[in-house]
Amino acid sequence: VTLFRRQQTNPALYQVLLVKRGLPPKAGFWAIPGGKQDPTIDNSLVDTAVREMFEETGLKVKVNPLPYY
């Protein structure tokens, strides 16, 4: 799960949300929030993304479809 946001002062630049790892491996290092799909509670990858983002950061997010070309 990666959360991007456009900078308000310069919309051409994006920011990305990182978390500081609390457990090994790589405790203390910065990382993109993530986890594993749990088929007993997640009906889709979107459900997994929303759940993992909340578990890792405490943020409630809405997943928008990504444009593709």
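**Stop 1: Leu13**

Select Leu13. Leu13 sits in the loop that links S1 to strand S2, residues 14–16. This is a predicted model, and every stop below is read from it. Leu13 counts as partly exposed because its relative accessibility is 41%. Now add Ile32 and draw a C-alpha to C-alpha distance. The two residues are 19 apart along the chain, and the distance reads 18 Å.

**Stop 2: the nonpolar patch**

Keep Ile32 selected. Add Phe4, Tyr14, Val16, Leu18 and Trp30, and show the surface. Together with Ile32, these residues make a nonpolar surface patch of about 660 Å². Pick out Phe4 next. Phe4 belongs to strand S1, which covers residues 4–6. Is Phe4 buried or exposed? Phe4 is exposed, because its relative accessibility is 55% and the cut-off for exposed is over 50%.

**Stop 3: Leu3**

Step back to Leu3. Leu3 lies in the segment that comes before S1. Its relative accessibility is 31%, so Leu3 counts as partly exposed. Select Met53 as well. Leu3 and Met53 are 50 residues apart along the chain, yet their C-alpha atoms are separated by 8.8 Å.

**Stop 4: the loop between S3 and S4**

Move to Pro24 and Pro25. Look at the peptide bond that joins them. The bond from Pro24 to Pro25 is cis, and its omega is near 0°. Pro25 is placed in the loop between strand S3 (19–20) and strand S4 (30–31).

Go on to Lys26. Lys26 is also in the loop between S3 and S4. Check its backbone. Phi of Lys26 is near 65°, a positive value in a residue that is not glycine. Most residues other than glycine have a negative phi, and most peptide bonds are trans. Lys26 counts as exposed because its relative accessibility is 54%.

Then select Phe29. The loop between S3 and S4 holds Phe29 too. Phe29 has 48% relative accessibility, so Phe29 counts as partly exposed. Add Lys60 and draw another C-alpha to C-alpha distance. Phe29 and Lys60 are 31 residues apart in sequence and 23 Å apart in space.

**Stop 5: the second largest pocket**

Which residues line the second largest pocket? Select Val19, Arg21, Gly22, Leu23, Pro24, Ala31, Ile32, Pro33, Gly34 and Glu56: they form the lining. Two of these names have come up before. Pro24 starts the cis peptide bond to Pro25, and Ile32 is part of the nonpolar patch. The second largest pocket holds about 180 Å³ of space. Color its lining by class. You will see six nonpolar, two polar and two charged residues.

**Stop 6: the salt bridges of Arg51**

How many salt bridges does the model have? The count is three. Center the view on Arg51 and show side chains.

Start with Asp42. The side chains of Asp42 and Arg51 form a salt bridge, at 2.7 Å from N to O. Both of these residues are buried. For Arg51 the relative accessible area is 17%, which means that Arg51 is buried; the cut-off for buried is under 20%.

Next, select Glu52. Glu52 forms a salt bridge with Arg51, and the closest N and O atoms are 3.1 Å apart. Glu52 is buried, because its relative accessible area is 7%.

Finish with Glu55. A salt bridge joins the side chains of Arg51 and Glu55, at 3.1 Å from N to O. Turn on the ribbon for helix H1, residues 45–57. Why are Arg51 and Glu55 separated by about one helical turn? Because they are four residues apart in helix H1. Is Glu55 buried or exposed? Glu55 is exposed, because its relative accessibility is 52%. Now show Asp42, Arg51, Glu52 and Glu55 together. Salt bridges with shared partners join these four into one network.

Methods: Residues are numbered from 1 along each chain as its sequence is written. This is a predicted model: local features need pLDDT of at least 70, side-chain atom pairs count only at pLDDT 80 or more; totals for chains, interfaces and linings use all residues. Side-chain values use heavy atoms; hydrogens and water are left out. Patches are made of residues with over 30% relative accessible area and no salt bridge: like charges are joined within 9 Å, nonpolar side chains (Val, Leu, Ile, Met, Phe, Trp, Tyr) within 5 Å. Accessible areas come from the Shrake-Rupley method with a 1.4 Å probe; for residues, only the protein chains shown count as cover. Helices (H or I, at least four residues) and strands (E, at least two) are DSSP runs, numbered from the N terminus. Buried means under 20% relative accessible area, exposed over 50%, partly exposed in between (1.4 Å probe, protein chains only). On a 1 Å grid over the protein atoms alone, a cavity is a set of points where a 1.4 Å probe fits but cannot get out, and a pocket is an open set with protein on both sides within 12 Å along at least five of seven lines; lining residues have an atom within 4 Å of a point. Grid points are joined across faces, edges and corners, and a volume is the space filled by probe spheres set on the points. Ala, Val, Leu, Ile, Met, Phe, Trp, Tyr, Cys and Pro count as nonpolar, Asp, Glu, Lys and Arg as charged, and the others, Gly among them, as polar.
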